[in-house]
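Trainee: I have a new model open and would like to learn how to read its features. Could you go through them with me?

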Amino acid sequence: MPPKKKPVTASNAVTQSSSATTAIPTTINIPVAATAVVAQKKIQWCWAGDSGVGASQDILVEYDSKLNSEIESQYQMHLLKPKVLKYLRFKLDKERYIDFKKMVQTRYDDLNKMRTVERQEIIPGSTLPPPTTNATSKRRRKIISSDDSDTDSENSDSSSDSSDSDVSDDSDDDEDDEDYIARWFWAGDSGGGPSKGGGHQDVWVEYDDMNMRKKLEKAFSIGKKKLKVDKERFVDFQNMLQRRYDDESKRRNLKREDPLKVRPAKKLTKSQQISNAATAANAMAASHATTTTATPTTTTTTSTAPVTRSSSKGQMIASNGATISTTQKPTLTSTMSTISISSIIKCPNTWTDVDSMNYKEVDVKPHENEFQWMSKLFSQTISSNHKGMGTLSPIVFNDLKVTRVVRVQNPMLWVSYHARKQKILDDNNGSCPPIHSVITNIPGSPELDKKANELFLFHGLNVSSVAGIAKFGFDPRFCSLDGMFGAGLYFAENSSKSNQYCHGGACTCSGFQATSCKCKPSDEVCLLVCRVVMGDCLVENVFRGNGPGQFWNGRRTEPKKPNNINIYNSVIGESKPNYGPKAALQLREYIVYESSQVFVEYKVYFKRVK
């Protein structure tokens with residue numbers, strides 16, 4: 001890929017003739033918006049690539065400079081004419097194109113194969129906000145390949161011409177409403193689903209029907225808990241899930257995206273433009289004559305030299321070296337811009353660079369506290385029953401050596417998880433009965449909510465399933481009723497117990513299949529380290545069975561409390577060391593039945609060391 005072009009220096013961004021500057025008095029007030037143009041904004045388009053084996057869309061790869069320019073040109077045309085189909089897609093090559101509406105890079109031969117694309121705005125060397133650009137200045141030469149002509153229709157091109165005319169009718173607002181309604185998605189299955197070798201809940205499918213989108217948005221905005229989708233399904237807004245009426249445990253994740261566009265202002269008539277121009281001229285003349293202190297945001301200059309760049313102290317520097325001081329009173333807009341996304345969604349304090357609601361993976365370096373804590377967590381929770389002997393995993397080991405730690409920053413799932421945790425706290429009057437003797441509670445751990453019985457627990461799986469679960473969460477529909485405590489999501493506090501379910505390399509096994517496992521000692525495998533909200537927990541000291549007619553048979557939901565009304569939030573299968581010989585398990589198991597009670601926080605890769 002060609003190297004990046006060196007950013008254009010701000011000193012070349014603005015040029016003024018000497019004759020233009022001599023007419024300006026020594027001291028004037030210039031709105032900050034007028035001086036913001038000194039910073040040269042650079043646009044960079046990127047696509048989500050893979051950093052290595054086992055990784056999925058965890059790095060951003062820049063398009064080369066030629067493609068970058070062509071993509072931006074067509075994107076601007078798409079913004080100006082969103083209804084014109086030929087501007088909606090940008091052809092990259094014979095195999096791929098960019099869909100500007102969904103902001104994804106997609107293959108022509110398989111629409112389910114998608115990669116996220118991002119548009120980044122960069123202002124080198126300036127602390128000022130990016131300058132406001134008029135819509136007319138965004139008109140660029142359209143870059144359309146002749147090979148894309150088959151996706152265009154003459155009708156769509158001609159029907160949209162009226163929306164770009166100089167005179168617009170009020171009726172256009174109604175036609176464009178769909179562009180400003182939030183987009184809603186449900187989690188679908190790629191490649192026909194698991195039965196056909198595809199994925200499960202690994203692609204977002206948009207609700208295309210405009211009436212349904214409006215109903216979803218209205219119900220969401222007024223705080224409704226449920227909304228009917230059709231005779232079989234409804235939306236659960238509290239947990240952001242789409243559920244079935246006949247079996248609420250059959251559910252799919254839900255996602256809401258705010259409109260990407262901002263409603264454009266109506267075009268002015270020529271008389272209005274002339275009037276506005278006259279008003280602006282009078283205001284500039286007045287500013288030449290006197291210094292106005294009533295303007296909330298002003299820039300006072302003591303030089304007639306043209307402004308060309310900004311200093312590290314927030315001052316504007318003229319081309320002759322003169323300093324131009326800026327004074328700004330705080331406004332509502334500037335105050336709001338300082339509120340970070342992390343503070344709004346209340347994400348863990350270990351997260352970094354939370355500048356959007358997009359999924360992100362961060363490599364934790366070996367020298368960082370998180371990595372060292374994780375290494376101890378793996379080593380200190382190995383059961384003596386598993387050291388130096390063959391277990392359900394055929395590879396004999398004495399230690400589990402952490403090789404890579406990847407922190408998952410998934411704001412969309414975090415919001416759902418945090419809401420569920422708060423609901424559990426509310427249901428339990430702000431504090432749940434504590435769970436004792438949890439061995440994953442070791443020093444150095446990121447902060448947990450002890451009142452909600454929030455724990456870090458392990459989940460083992462085949463490395464091929466890691467990416468989908470980390471991004472879209474767990475799906476209880478794939479849980480087996482044959483599980484000891486029914487169809488729940490099972491977790492362990494012993495790394496060696498979850499290791500029995502880990503497979504990697506050439507091994508395609510899932511679960512503890514020692515006889516058919518093809519793992520090698522050299523294989524790097526992966527465990528998920530998850531936050532799990534246990535809430536008010538039922539501790540099963542003596543197992544009540546999962547056979548026909550027994551307590552745990554056919555269970556897909558949380559057990560009810562003795563009053564037969566309220567429910568427990570989770571289950572612990574107690575161990576013999578904690579309870580005694582009547583317990584059925586050698587090691588504890590933790591079970592929840594609601595996917596929003598689990599948040600995948602780390603993908604931890606490790607090797608079994610003998």
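**Reading cavities, cores and backbone**

Mentor: Let us begin inside the protein: α12 and β27 each supply at least two residues of the lining of the largest cavity. Keep in mind that this is a predicted model.

Trainee: How does one find such empty space in general, and what is the volume of the largest cavity?

Mentor: Rolling a probe the size of a water molecule over the atoms shows where empty space is left. Here the largest cavity has a volume of about 60 Å³. Its lining consists of Val-408, Asn-410, Leu-413, Ile-469, Ala-470, Gly-473, Phe-474, Ser-595, Val-598, Phe-599 and Val-600. β27 gives the largest share of that lining, three residues. Sorted by class, the lining has eight nonpolar, three polar and no charged residues.

Trainee: How many cavities of 30 Å³ or more does the structure hold, and what lines the second largest cavity?

Mentor: There are four cavities of 30 Å³ or more. The second largest holds about 40 Å³ of space. It is lined by 10 residues, and those closest to its centre are Ala-55, Asp-58, Glu-361, Arg-404 and Val-406. Two or more lining residues come from each of β19, β20 and β27. The class count for this lining is three nonpolar, two polar and five charged residues.

Trainee: Let me turn to open space. How much space lies in the second largest pocket?

Mentor: The second largest pocket contains about 1100 Å³ of space. Of its 31 lining residues, His-459, Gly-460, Phe-478, Tyr-501 and Ser-510 are the closest to the centre. At least two lining residues come from each of β21, β22 and α13 (495–499). By class, this lining has 14 nonpolar, 14 polar and three charged residues.

Trainee: Now the packing, please. What should I expect of nonpolar side chains in general, and how many residues does the largest nonpolar core have?

Mentor: In soluble globular proteins, nonpolar side chains tend to be buried together. The largest nonpolar core of this model has 28 residues, and Phe-474, Phe-491 and Met-534 have the most contacts inside it. Elements that each supply at least two of its residues include β20 (399–409), β21 (454–460), α12 (466–472) and β23 (525–533). The largest share, four residues, comes from β23. A second, separate core of 22 residues includes Trp-373, Leu-377, Ile-382 and Tyr-602.

Trainee: Which residues is Phe-491 in contact with, leaving aside its neighbours within four places in sequence?

Mentor: Phe-491 contacts Leu-457, Phe-458, His-459, Phe-474, Cys-530, Val-532, Glu-589, Tyr-590, Val-592 and Val-598. You have already met Phe-474 and Val-598 in the lining of the largest cavity, and His-459 among the residues closest to the centre of the second largest pocket.

Trainee: Next, a helix. What is the general idea, and what does α3 pack against?

Mentor: An α-helix has 3.6 residues a turn, so residues three or four places apart point the same way. Helix α3 (residues 65–80) has 16 residues and reaches 23 Å from its first C-alpha to its last, close to the 22 Å expected at 1.5 Å a residue. Its buried residues include Asn-68, Ile-71, Glu-72, Tyr-75 and Leu-80. The buried residues of α3 pack against β2 (42–49), β4 (89–91), β5 (96–99) and β7 (114–122).

Trainee: And the backbone angles? What is the phi of Lys-346?

Mentor: Most residues other than glycine have a negative phi, and most peptide bonds are trans. Lys-346 is not a glycine, yet its phi is positive, about 55°. Lys-346 lies in the loop between α9 (341–345) and β19 (360–364). Ser-437 likewise has a positive phi, of about 60°, without being a glycine. Ser-437 sits in the loop between α11 (411–427) and β21.

Trainee: Are Lys-346 and Val-354 buried or exposed?

Mentor: Lys-346 is exposed, because its relative accessible area is 55% and exposed means over 50%. Val-354 lies in the loop between α9 and β19 and is buried, because its relative accessibility is 17% and the cut-off is under 20%. Val-354 touches Ile-341, Ser-342, Cys-347 and Gln-409, not counting residues up to four places away in sequence.

Notes: Residues numbered from 1 in each chain as written. Predicted model: local features only at pLDDT ≥ 70, side-chain atom pairs only at ≥ 80, totals over all residues. Heavy atoms only, no water. Core = buried A, V, L, I, M, F, W, Y, C linked by side-chain atoms within 4.5 Å. Buried < 20%, exposed > 50% of the residue type's maximum accessible area, 1.4 Å probe, protein only. Contact = heavy atoms within 4.5 Å. 1 Å grid on protein atoms, 1.4 Å probe; cavity = no way out; pocket = protein on both sides within 12 Å on 5 of 7 lines; lining within 4 Å. Points joined across faces, edges and corners; volume = space filled by probe spheres on them. Nonpolar A, V, L, I, M, F, W, Y, C, P; charged D, E, K, R; others polar. Expected span 1.5 Å × (residues − 1).
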